[in-house]
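Student: I've got a protein model open and I'm not sure where to start. Can we go through it together?

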Amino acid sequence: MTPRIAVVGGGMAAARFAERYGALGGPGEVTVYGAEPRAPYNRVLLTEVLTGRHDPESIALPLGGAGLRPGCEVLAIDLGGRTVKLADGSAEPWDELVLATGADPVLPPVRGLRRPDGHGLAEGVHTLRTLEDCVRLAEEAVEAERAVVIGGGVLGVSTARALAGIGVHTEIVQRGPYLIDRQLDAGAAAVLLGKLRALGVACHLGTRPVALHTGAGGRGRVRSVEPADGGRLDCDLVVLACGTRPSTALAEAAGLPVATGVLVDDDLAAAPHVHAIGDCAEHRGTVYGLAGPAWEQADVLARRLSGAEPDARYPGSARRARLSAGGLDYVAFGAVDEGDGQGLDVLRLTDATRGSYKKLVLRGDRLVGAILLGDLATVDELAGAFADGGVPAGDPLHLLTRGTVMTGEA
Ligand SMILES: Cc1cc2nc3c(=O)[nH]c(=O)nc-3n(C[C@H](O)[C@H](O)[C@H](O)COP(=O)(O)OP(=O)(O)OC[C@H]3O[C@@H](n4cnc5c(N)ncnc54)[C@H](O)[C@@H]3O)c2cc1C
């Protein structure tokens, strides 16, 4: 009998799994149940949709030969009976279940964030996770003059860059001491800050918002953000970019193991015949929340379930982050912040004039971390060195620059 594979969540991991499963000649019938009313798309490019550089159709992702049920939220999983329950009351059978439910935006504890009746966010306040969010934000941005982005991580920075690019005066409020503090070090973030300033984006670091102020006694549109260190940031648009939380309610209700995410082993299994991949999954204590690991997990699971490589294992993903956002490009590998004072060697090149920052962190001859910001000319060589276990071919200086004299520090 043809195995039935139900994939819950029509996002990036789901699409990748379905496409790879088909490409590998998997014998099963794959059905993707997606809550969003459309085919899967490349979520990473949403800020480019905001700037108008991509239109929504151009970011669609292929699904191979899988069947798609868009606008079809799975409400419950019956593990014993091996069915998923849909919003229309029907129950669909499966032999293998793949959870790829992604993550939801975290809402910060800020006064005035919600409408007075508690239903929804105050007028003018947005999250950015789906294409629908993006379209709503783009519509309001046309009329907006001033925006505040709450959160200075990768989503906050790329959203601020996009809003500034379409003519909205934008400020970032970042609780951490510097921007993108989970991926960059202080030096790289300082160069990034300069680049954002050049785009007209102001950044308020080391503070958090305590209140949003709206018109009409709390019922009107947002007017300002009040940071903890005082003052008011006037705005008519607020974007929340405070991180995400794995979407695990469905798995938890079904009795699957959940910590921060749905717990999976190296087989990407949460229970017999039940798997989890992408932002909803937690593997060896890590929830990645990034597209690269989501795709690597989808690839391994497709190899396993298609029969192409039934024993394929997922060992975890290397720490690698990349942002491609017009002029703010960077790539960060491994442990970028452990270079100082811990017996490691650091090679660093900062070029404030050209807005570039490059750093290698080495333990002996082995690379343990690296950042390229603003000039990614050597990214392929660097990726190759990390793929080879962190052992550079030849002088590591060539991983930073082509032909320029370097200085090192220990
Ligand atoms: C604006 C933006 C920019 C980003 N930029 C980067 C970047 O530069 N680099 C990077 O690595 N990552 C980036 N990310 C993160 C990246 O998009 C995610 O890591 C990736 O989408 C994870 O894929 P996923 O399939 O696990 O989750 P998602 O793509 O979020 O897909 C999950 C899907 O499941 C659906 N779903 C949830 N519950 C149910 C249910 N019960 N029934 C049916 N469907 C359900 C959801 O509606 C959603 O469509 C960005 C994210 C955003 C929002």
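Student: At what angle do helix α1 and helix α7 pack?

Tutor: Keep in mind that this is a predicted model. Find α1 at residues 12–23 and α7 at residues 291–306. Their axes are 8 Å apart, and the angle between them is about 35 degrees.

Student: Is the crossing of α1 and α7 left-handed or right-handed?

Tutor: Look at the two helices where they touch: α1 brings residues including Phe-17 and Tyr-21, and α7 brings residues including Trp-295 and Leu-301. The crossing there is right-handed.

Student: How many residues of that contact are nonpolar?

Tutor: Take the other classes out of the way: 2 residues are polar and 3 are charged. The nonpolar ones number 11.

Student: Now the ligand. Which residues come nearest to it?

Tutor: The ligand has 36 residues around it. That shell divides into 20 nonpolar, 11 polar and 5 charged residues. Coming nearest are Gly-9, Gly-11, Ala-13, Gly-102 and Gly-278.

Student: Where does the ligand lie relative to the domains?

Tutor: Check who supplies the shell. Domain 1 (4–104 + 244–306) gives residues to it, and domain 2 (125–240) does too. So the ligand lies between domain 1 and domain 2.

Student: And how sure is the predictor? Which stretch has a pLDDT below 50?

Tutor: Over the protein, pLDDT averages 92, and 96% of the residues score at least 70. One stretch has 10 contacts in the model beyond near neighbours in sequence, yet its pLDDT is below 50. That stretch is residues 404–410.

Notes
Residues are numbered from 1 along each chain as its sequence is written. This is a predicted model: local features need pLDDT of at least 70, side-chain atom pairs count only at pLDDT 80 or more; totals for chains, interfaces and linings use all residues. Axes are lines fitted to C-alpha atoms, for helices over the stretch in contact, and angles run from 0 to 180 degrees between N-to-C directions. Helices (H or I, at least four residues) and strands (E, at least two) are DSSP runs, numbered from the N terminus. A crossing is left-handed if the near helix is turned anticlockwise from the far one by less than a right angle, and right-handed if clockwise. Two residues are in contact if their C-beta atoms, placed from the backbone, lie within 7 Å. Ala, Val, Leu, Ile, Met, Phe, Trp, Tyr, Cys and Pro count as nonpolar, Asp, Glu, Lys and Arg as charged, and the others, Gly among them, as polar. pLDDT is the predictor's confidence in each residue, from 0 to 100. A residue is near a molecule or strand if its C-beta atom, placed from the backbone, lies within 6 Å of it. Domain bounds come from an automatic or database domain assignment.
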